[in-house]
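Subject: Structure handover

Hello,

I am passing this structure on to you, with the sequence alongside. Please look through it first and then read the notes underneath.

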Amino acid sequence: MNTTLSIVVPCYNESKNLDRLVSAFRDAIGSRKDIELVLVDNGSKDDTPQVMADLLDRPENAFARSVLVDVNQGYGYGILFGLRKSRGEYLAWTHADLQTPPEDVIRALDRLMQMPNPKHALVRGNRKGRPMFDQFFTSAMGWVASAALGGSYFDVNAQPKVFHHSLMQHMDEAPYDFTLDLYILYVASERKMDVELVDVRFDLRTEGESKGGGTLLGKYRLCKRTFGQIWKLRKSLKQSQRPFSTQHEEAEAPVDKRSAA
Ligand SMILES: Nc1nc2c(ncn2[C@@H]2O[C@H](COP(=O)(O)OP(=O)(O)O)[C@@H](O)[C@H]2O)c(=O)[nH]1
Ligand SMILES: [Mg+2]
């Protein structure tokens, strides 16, 4: 059967979340055989590889497979690596810490399929129920990004992102860090794609460590990088030279679960 959706989940030192993560995706995907889960071990330094291998050995987890990044090169790199190894007609990414529930990824796919032209559309999360300070920080970043780039860039770091695989042709210049989330929305906006928001829950991380914007230091770093990326995108806007090329990388052959883990 053809794969409708590949869900890429970058995992960096997430061994404590993997069991719950895979079970939650198993429940969310249910009996659908056209959805695959692609776990990216993004150069983890904990026991993520072993835990992943054990989980993927179980017959009930046949909907999932793993790909391995040997040496961590950043969040965005891991996602791009997984996307390029995916088989799905549609692609998605979300996080491994279960802050966004897996069922919301399936809801986002359903929403995309209801749109008039899903091949030229992108559905993304819009986080609900966050602490006030986090919400304020995200809104402030959104205002700056929207004003600088001329579009709607609110809550760019919300998960998931769901889109047709053909968008990958335009992602060759994609950044390897957390600004990948901003970048894909910029590419979608420049290509005049329909971007739709789907409300998602955003729970607290219960296991493992936040390495992104979940802490004050993380917020500072995220802010710095995001402004750097906005500056870069603005410069290319001014030069009327788009920061992406049209080279298309075909999805590579699936990687064997065991050798990859
Ligand atoms: N910081 C970081 N996170 C990564 C990387 N690769 C994958 N991730 C995953 O990215 C997701 C988001 O990271 P997290 O620390 O929860 O970010 P936060 O929620 O913004 O604090 C998690 O699932 C991580 O495991 C990486 O290289 N760096
Ligand atoms: Mg998180």
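What follows is a short account of what was found, beginning with the annotated domain and going on to the ligand and the backbone.

Please keep in mind that this is a predicted model.

The domain. An unreviewed UniProt entry carries the annotation "domain: Glycosyltransferase 2-like" for residues 6–114. In the model, helix makes up 44% of that span and strand 22%. The C-alpha atoms at its two ends are 18 Å apart.

The ligand. Ligand 1 sits in the largest pocket. Around ligand 1 there are 20 residues, and the closest of them are Glu14, Asn42, Asp97, Ser210 and Lys211. By type, this shell consists of nine polar, six nonpolar and five charged residues.

Three contacts made by oxygen atoms of the ligand are worth looking up in the viewer:

- Asp97: an N or O atom in its side chain is 2.6 Å from an oxygen atom of ligand 1.
- Gln99: an N or O atom in its side chain is 3.0 Å from an oxygen atom of ligand 1.
- Gly214: here a polar backbone atom is involved, 2.9 Å from an oxygen atom of ligand 1.

On its own, ligand 1 has 560 Å² of accessible area, and the protein covers 92% of that.

The backbone. Two places in loops should be checked.

One is Leu98, which has a positive phi of about 65 degrees although it is not a glycine. Leu98 belongs to the loop that runs between β4 (90–93) and α4 (102–114). Asp97 and Gln99, the residues on either side in the numbering, are the ones listed above with side-chain contacts to ligand 1.

The other is the peptide bond from Gln159 to Pro160, which is cis, with omega near 0 degrees. Pro160 is in the loop between α5 (132–149) and β6 (161–164).

If you open only one region, I suggest the pocket that holds ligand 1, starting from Asp97.

Regards

Definitions and conventions. Residues are numbered from 1 along each chain as its sequence is written. Chains are lettered from A and ligands numbered from 1 in the order in which they are written. This is a predicted model: local features need pLDDT of at least 70, side-chain atom pairs count only at pLDDT 80 or more; totals for chains, interfaces and linings use all residues. Side-chain values use heavy atoms; hydrogens and water are left out. UniProt positions are given in the numbering used here, feature names are shortened, and annotations may be inferred rather than shown by experiment. Helices (H or I, at least four residues) and strands (E, at least two) are DSSP runs, numbered from the N terminus. A residue is near a molecule or strand if one of its heavy atoms lies within 4 Å of it. A polar contact is a pair of N or O atoms within 3.5 Å; within protein, one must be able to donate a hydrogen and the other to accept it, and residues adjacent in sequence count only if both atoms are side-chain atoms. Accessible areas come from the Shrake-Rupley method with a 1.4 Å probe; for residues, only the protein chains shown count as cover. On a 1 Å grid over the protein atoms alone, a cavity is a set of points where a 1.4 Å probe fits but cannot get out, and a pocket is an open set with protein on both sides within 12 Å along at least five of seven lines; lining residues have an atom within 4 Å of a point. A molecule sits in a cavity or pocket if more than half of its atoms lie within 2 Å of its grid points. Ala, Val, Leu, Ile, Met, Phe, Trp, Tyr, Cys and Pro count as nonpolar, Asp, Glu, Lys and Arg as charged, and the others, Gly among them, as polar.
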